[in-house]
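Reader: I would like a close look at a single part of this model, namely the largest pocket, together with the sheet and the smaller spaces that belong to the same picture. Please take it step by step, and say where a statement comes from a record.

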Amino acid sequence: MAQPLTIEDLRILAKRRVPRMFYDYADSGAWTEGTYRANETDFTGIKLRQRVAVDMTNRTLASTMVGQPVAMPVALAPTGLTGMQHADGEILAARAASKAGVPFTLSTMSICSLEDIANHVGKPFWFQLYVMKDRDFIARLIQRAKGAGVTALVLTLDLQILGQRHKDIRNGLSAPPKPTIANLINLATKPRWCLGMLDTPRRSFGNIVGHAKGVGDLSSLSSWTAEQFDPALSWDDVKWIKDLWGGKLILKGILDPEDAEMAAKSGADALIVSNHGGRQLDGALSSIAALPAIVEQVGGRMEILFDGGIRSGQDVIKALALGAHGTFIGRAFLYGLGAMGEEGVTRCLDIIRKELDITMALCGLRDVRDVDGRILVGGKG
Ligand SMILES: Cc1cc2nc3c(=O)[nH]c(=O)nc-3n(C[C@H](O)[C@H](O)[C@H](O)COP(=O)(O)O)c2cc1C
């Protein structure tokens with residue numbers, strides 16, 4: 001492919017370059033993948049109003065997310081194992097985000113650690129926290145996030161219990177991959193990926209290995225992580241973490257207005273309307289279908305952020321029109337990373353920026369902060 005022009009182009013390239021196990025890990029959803037697909041397809045039914053003969057000069061996409069300036073209202077979502085899409089993936093993605101002026105969110109389940117990002121990127125970033133049963137580990141992780149200069153904590157609430165993705169089970173997903181015959185045959189067809197991996201020491205969960213009690217090697221790590229997600233997680237834990245952290249707090253994984261109400265009462269700064277990219281409750285609403293009711297419930301009281309199914313700048317503007325203040329992208333940037341490393345993430349952000357800008361202009365607006373329901377057919381201001 002001469003020049004990737006769309007996120008779909010990046011996906012096709014990533015599929016060629018990333019070992020099947022890790023490509024599938026990104027491009028999959030829970031069970032039937034119905035909610036995963038609906039996240040993308042539900043955007044297509046939302047129609048934009050084309051406007052003409054309005055001044056479209058001097059446009060701006062600059063905005064804020066949790067009070068922090070952003071070059072456009074699009075952040076990189078936390079994604080586990082990003083350093084397996086490409087060697088040192090989290091460092092490369094964080095660099096691309098910082099050059100583009102948008103937030104990067106490091107996952108708890110990242111390959112590069114909090115300290116790796118702080119040392120190799122040098123710009124503030126966000127950190128996503130899973131609540132593990134080992135509360136000492138969580139408390140230390142929060143301290144490490146503070147030490148690494150993290151400026152917002154994203155607390156994920158929709159993964160107390162792991163959803164099941166059939167592809168990961170069939171592929172025997174692990175980091176690094178186990179040397180089975182099927183894996184070795186597949187890896188032999190991905191020389192660029194293999195060379196990158198041979199060149200980096202970062203091949204396992206950087207925030208956990210050497211930090212959690214009793215996790216010294218890979219086999220102890222996989223049993224530790226499988227058991228650590230806490231099914232007993234409650235709103236009291238949210239309060240405990242809020243007090244311990246003391247900074248900007250974003251609650252991720254809210255899909256229901258009643259939970260949004262609890263989120264607003266918790267005093268968090270923002271929530272992310274999200275179904276974990278269709279990776280948890282298959283059969284749940286798509287994120288974009290869930291957004292309006294949550295905006296109606298708590299919109300005036302906390303910042304509403306959004307993720308799920310964004311594959312273009314047009315998807316971003318539709319989420320903003322339905323009341324989101326900012327958005328996150330997951331797979332879109334992972335495909336860029338798998339396809340072309342840092343340059344691919346930059347390309348992904350360029351594609352989305354350009355599509356967002358042109359779409360906003362053709363809808364008759366010059367400032368992304370003015371986007372509201374009036375740009376939608378049948379929408380309200
Ligand atoms: C490969 C992959 C790994 C993910 N890992 C995490 C994670 O570690 N923590 C988290 O809160 N969300 C995780 N998510 C969910 C994303 O943060 C985000 O909600 C989702 O990707 C948004 O949907 P999109 O991929 O369609 O943009 C992951 C998503 C993907 C695709």
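Author: What follows describes the sheet, then the pockets and the cavity, and lastly two loop residues.

The model is a predicted one, and its sheet offers a convenient frame for the rest of the description. Eight strands make up this open sheet, with parallel pairing and the order 3-10-9-8-7-6-5-4. Its edges are taken by strand 3 (74-76) and strand 4 (105-106), each of which has a single partner strand, so that one side of each is left without a neighbour in the sheet.

Strand 7, which covers residues 249-254, is mostly covered, six of its six residues being buried. Strand 6 (residues 152-156) pairs with strand 7 in the parallel sense over four bridges, and Leu153 is the residue that stands opposite Leu249 of strand 7. Strand 7 is also joined to strand 8 (residues 270-273), again by four bridges and with the two running parallel. Within that pairing, Ile250 has Ala270 of strand 8 as its bridge partner, while Lys252 stands opposite Ile272 in strand 8. To get from strand 7 to strand 8 the chain passes through helix 12 (residues 257-265), and the resulting β-α-β crossover is right-handed.

Turning to the part you asked about, the largest pocket holds about 1200 Å³ of space. Its lining is made of 47 residues, and those that lie nearest its centre are Tyr25, Leu81, Leu162, Arg165 and Leu173. The elements that contribute two or more residues to this lining are helix 2 (20-26), helix 7 (166-171), helix 10 (218-228), strand 10 (326-329) and helix 15 (331-362). Helix 10 supplies the largest share of the lining, five residues. By class, the residues lining the largest pocket divide into 24 nonpolar, 15 polar and eight charged.

A record bears on this pocket as well. In an unreviewed entry, UniProt lists Tyr25, Arg165, His276 and Arg279 under "binding site". Although these residues span 255 residues in sequence, no two of their C-alpha atoms are more than 13.2 Å apart, so they gather at one spot. The lining of the largest pocket includes Tyr25, Arg165, His276 and Arg279 from that annotation. Two of the residues in the UniProt list, Tyr25 and Arg165, are also among those that lie nearest the centre of the largest pocket. Arg165 itself is placed in the loop between strand 6 and helix 7, and it counts as buried because its relative accessibility is 13%, where the cut-off for buried is under 20%.

The second largest pocket, with about 490 Å³ of space, brings the description back to strand 7. It is lined by 23 residues, and the ones that lie nearest its centre are Leu157, Asp158, Gln160, Gly253 and Asp259. Helix 11 (235-245) and strand 7 are the elements that give two or more residues to the lining of this second largest pocket. The residues of its lining divide into 12 nonpolar, eight polar and three charged.

Besides these open spaces, the count comes to one cavity of 30 Å³ or more, and the space in this largest cavity is about 30 Å³. Its lining consists of Tyr130, Val131, Thr156, Leu159, Gln160, Asp230 and Leu233, which by class gives four nonpolar, two polar and one charged residues. Gln160 therefore appears in two descriptions, since it belongs to the lining of the largest cavity and is also among the residues nearest the centre of the second largest pocket, where the lining criterion is an atom within 4 Å of a point.

Finally, two loop residues deserve a careful look for their backbone. Most residues other than glycine have a negative phi. Asn58, which is not a glycine, nevertheless has a positive phi of about 50°, and it lies in the loop between helix 3 (34-41) and strand 1 (63-65). With 70% relative accessibility, Asn58 counts as exposed. Val66 likewise has a positive phi, of about 40°, although it is not a glycine, and its place is in the loop between strand 1 and strand 2 (68-70). Val66, however, counts as buried, because its relative accessibility is 4%.

How values were computed. Residues are numbered from 1 along each chain as its sequence is written. This is a predicted model: local features need pLDDT of at least 70, side-chain atom pairs count only at pLDDT 80 or more; totals for chains, interfaces and linings use all residues. Side-chain values use heavy atoms; hydrogens and water are left out. Buried means under 20% relative accessible area, exposed over 50%, partly exposed in between (1.4 Å probe, protein chains only). Two strands pair if DSSP finds at least two bridges between them. A crossover is right-handed if, with the strands pointing away from the viewer, the path from the first strand over the helix to the second runs clockwise. On a 1 Å grid over the protein atoms alone, a cavity is a set of points where a 1.4 Å probe fits but cannot get out, and a pocket is an open set with protein on both sides within 12 Å along at least five of seven lines; lining residues have an atom within 4 Å of a point. Grid points are joined across faces, edges and corners, and a volume is the space filled by probe spheres set on the points. Ala, Val, Leu, Ile, Met, Phe, Trp, Tyr, Cys and Pro count as nonpolar, Asp, Glu, Lys and Arg as charged, and the others, Gly among them, as polar. UniProt positions are given in the numbering used here, feature names are shortened, and annotations may be inferred rather than shown by experiment.
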